[in-house]
Amino acid sequence: MRSFISLVIFVTSVAWVAAATDTAFAKTSYENFASRVQKLVQKTNYDSWSKNRKTSDISYKTDIPTEFDARQYFVNCANVIGDVKDQGNCASSWAVAVASTFTDRLCIATNGKFTKNLSAQHLMSCGDSERFGCDGGSAFKAWEFTAGKGIVTGGNFDSNEGCQPYKNRPCDHVGDDSRMTNCSSLRRTQMTICREKCINKNYKVKYEDDLYKTSVVYMTSWTNVTQIQQEIMTYGPVTALMYVYENFMGYKKGVYKSTTGDLIGYHHVKLIGWGVDSDGNEYWLAMNSWNSNWGDRGLFKILKGYNFCSIELLVMAGIAEVSQ
């Protein structure tokens, strides 16, 4: 019989609510987050990035609304931006978030003409020279890879879509969905050998003709909330790193603004907007990669303006090339 943890967090009023969480998923996730490899990757790749900070952009929109949702603003790309991914039993959020963000931005840059999925699997195999794959990686190195080599298309698991589809199957991250296999019982498909060819035999486009690139990649200025908003409004969603505590696993709804339990490690998500709740709490609207059964249909709200969980510290993106 499974054991469950049920959490409800109170801060003067109910700020956010956590669902029942299967401890089997939690254990697997802790191993993913807290692995020695991930800690080494973080220390090596996230300490000295001042030179990659973007300080200004003459194209930035300056009239920032109180609430914003990229799905509603970039209407031609609403379905692309709103597609919630599932990284499976694999610590690949660094690659999944970058591929998803780049896909959104390429769709926006082409005014909705590009609607394919770019390949997180390609980034897992090639986008970080450490080649850790399911054991973590550097999201910024993955962004740099899009500017240097470019990445190919690749749909979700078993989608038969694109050049290099994702190889880890979706799973139940919460522990309450009998229709899916619990993540803790699935093996990982690492795929850390970099292949410069299409692994989907049914895809008829050549690898060399399927590469999509960014012209420049960067991070926003240190904890600059206004710039993050301008980035999202002007070019589309961004990739953000956040520190994860135990109670985040069971998030269900509301503004996540208090942490309990151990600090597990770091995780990458996609920021698609912001807003203010009925209690006046300003938040970022973020998309996770634990499928749409987790959280608020795959999304969550997290406190904005206080660098909560370091969500505003390492925000990164790139400008999509549209020559193809």
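Is Asn291 buried or exposed? Keep that in mind as you look around; the tour will come to it shortly. One thing to know before you start clicking: this is a predicted model.

**The whole chain**

Begin with the full chain in cartoon view. You should find 8 helices and 13 strands. Now colour by burial: of the 324 residues, 56% count as buried. Switch on a surface next, and you are looking at about 14,000 Å² exposed by the chain, with 48% of that area supplied by carbon and sulfur atoms. If you like contact maps, this is a good moment to draw one. Taking contacts between residues at least 6 apart in sequence, 72% join residues at least 24 apart.

**First stop: Asn291**

Select strand 11 (282–287) and strand 12 (299–303), then the loop between them, which holds Asn291. Here is the reply to the opening question: Asn291 is buried, because its relative accessible area of 9% falls under the 20% cut-off. Check the backbone while you are there. The phi of Asn291 is near 65°, a positive value in a residue other than glycine.

**Second stop: Asn160**

Move on to helix 7 (139–148) and strand 7 (214–220), and select the loop between them to find Asn160. What is the phi of Asn160? It is positive, about 60°, although Asn160 is not a glycine. Show the surface once more around this residue: Asn160 has 48% relative accessibility and so counts as partly exposed.

**Before you close the viewer**

Put both residues on screen together. Asn291 is buried, whereas Asn160 is partly exposed, and each has a positive phi.

Note on methods:
Residues are numbered from 1 along each chain as its sequence is written. This is a predicted model: local features need pLDDT of at least 70, side-chain atom pairs count only at pLDDT 80 or more; totals for chains, interfaces and linings use all residues. Side-chain values use heavy atoms; hydrogens and water are left out. Helices (H or I, at least four residues) and strands (E, at least two) are DSSP runs, numbered from the N terminus. Buried means under 20% relative accessible area, exposed over 50%, partly exposed in between (1.4 Å probe, protein chains only). Contact means heavy atoms within 4.5 Å. Accessible areas come from the Shrake-Rupley method with a 1.4 Å probe; for residues, only the protein chains shown count as cover.
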